[in-house]
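Student: Could you take me on a close look at a single part of this structure? I would like one connected walk through it and what surrounds it.

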Amino acid sequence: AFKEEIISQEGKDKFQETFKLRVIEHNIQVISQYYNKITIKRLADISSISADEAEKYLSDLVVKKIVKAKINRPLGIVSFGAPSKPDEILTKWADEIGKLL
């Protein structure tokens, strides 16, 4: 009997990778709302990933401006901050331009 697969193995693998990424990103976003400071190791433990992966995923979220955080790599501590609102960013930018002129 011929069984046709609806989704190829490659498609399943891609789905699993994407799903894992979204779950980890969500977990980091939730953690950022409950913690002001946390160690990379603890962030990794809560997310069930390695410390290197935690740093990578956190860095990606910071670059995408989804999470506001600073990473102190020597101490292994992450400091979360509230994301800036667009109007606050523009006001700060305008103030800095004003100082230059």
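**A close look at one serine and its surroundings**

Tutor: Happy to! Let us begin with serine 32, whose place is in helix α1. Keep in mind that this is a predicted model. The mean pLDDT of the chain is 88, and 93% of its residues reach 70 or more. Confidence is highest in strand β1 (residues 37-39), at a mean of 96, and lowest in helix α4 (residues 86-100), at 81.

Is serine 32 buried or exposed? Its relative accessible area is 19%, and the cut-off for buried is under 20%, so serine 32 counts as buried. What does serine 32 touch, leaving out residues up to four places away in sequence? The answer is Val67 and Phe80. Keep Phe80 in mind, as we will come back to it.

Now widen the view to the helix that holds our serine. Helix α1 has 26 residues and reaches 38 Å from its first C-alpha to its last, close to the 38 Å expected at 1.5 Å a residue. Serine 32 has company in being buried here: Ile24, Glu25, Ile28 and Ile31 of α1 are buried too. The buried residues of α1 pack against β1, α2, α3 and β3.

Elsewhere in α1 you will find another kind of setting. A search of the whole structure finds one aromatic pair. Its members are phenylalanine 15 and phenylalanine 19, with ring centres 6.1 Å apart and planes at 20°, so the pair is stacked. These two phenylalanines are four residues apart in helix α1, which means that about one helical turn separates them. Phenylalanine 15 and phenylalanine 19 are both exposed, whereas serine 32 is buried.

Back to the buried side of things. In soluble globular proteins, nonpolar side chains tend to be buried together. Here the largest nonpolar core has 16 residues, and Ile28, Leu43, Leu58, Val78 and Phe80 touch the most other members. At least two residues of this core come from each of α1 (9-34), α2 (40-47), α3 (51-63) and β3 (77-81). Which of them gives the most? That is α3, with four residues. To see how such a residue is surrounded, look at leucine 43: beyond four places in sequence, its contacts are Ile28, Ile31, Ile38, Ala54 and Leu58. Phe80, then, is among the core residues that touch the most other members, and it is also a contact of serine 32.

Let us follow Phe80 into its strand. In a regular strand the side chains alternate between the two faces of the sheet. Strand β3 has a covered face, Val78 and Phe80, and an uncovered one, Ile77, Ser79 and Gly81.

Which strands pair with β3? Strand β1 runs antiparallel to β3, and three bridges join them. Strand β2 (residues 68-72) also pairs with β3 in the antiparallel sense, over five bridges. Try finding serine 79 in β3: lysine 37 stands opposite it, and lysine 70 stands opposite it as well. For Phe80, the residue standing opposite is alanine 69. Four residues lie between the strands in the hairpin of β2 and β3, and glycine 76 there takes a positive phi near 70°.

That backbone angle gives us one last thing to look for. Most residues other than glycine have a negative phi. Two residues are worth finding with that in mind. Lysine 65, in the loop between α3 and β2, has a positive phi near 60° without being a glycine. With a relative accessible area of 71%, lysine 65 is exposed. Serine 48 is found in the loop between α2 and α3, and its phi is positive too, about 60°, although it is not a glycine. Serine 48 counts as exposed, at 68% relative accessibility.

The loop between α2 and α3 also holds serine 50, which counts as partly exposed at 35% relative accessibility. So you can set three serines side by side: serine 32 is buried, serine 50 is partly exposed, and serine 48 is exposed.

Methods. Residues are numbered from 1 along each chain as its sequence is written. This is a predicted model: local features need pLDDT of at least 70, side-chain atom pairs count only at pLDDT 80 or more; totals for chains, interfaces and linings use all residues. Side-chain values use heavy atoms; hydrogens and water are left out. A nonpolar core is a set of buried Ala, Val, Leu, Ile, Met, Phe, Trp, Tyr and Cys residues joined through side-chain atoms within 4.5 Å. Buried means under 20% relative accessible area, exposed over 50%, partly exposed in between (1.4 Å probe, protein chains only). Contact means heavy atoms within 4.5 Å. Rings of Phe, Tyr and Trp (its six-membered ring) pair if their centres lie within 6.5 Å; planes under 30 degrees apart count as stacked, over 60 as edge-to-face and the rest as tilted. pLDDT is the predictor's confidence in each residue, from 0 to 100. The expected span of a helix is 1.5 Å times one less than its number of residues. Two strands pair if DSSP finds at least two bridges between them.
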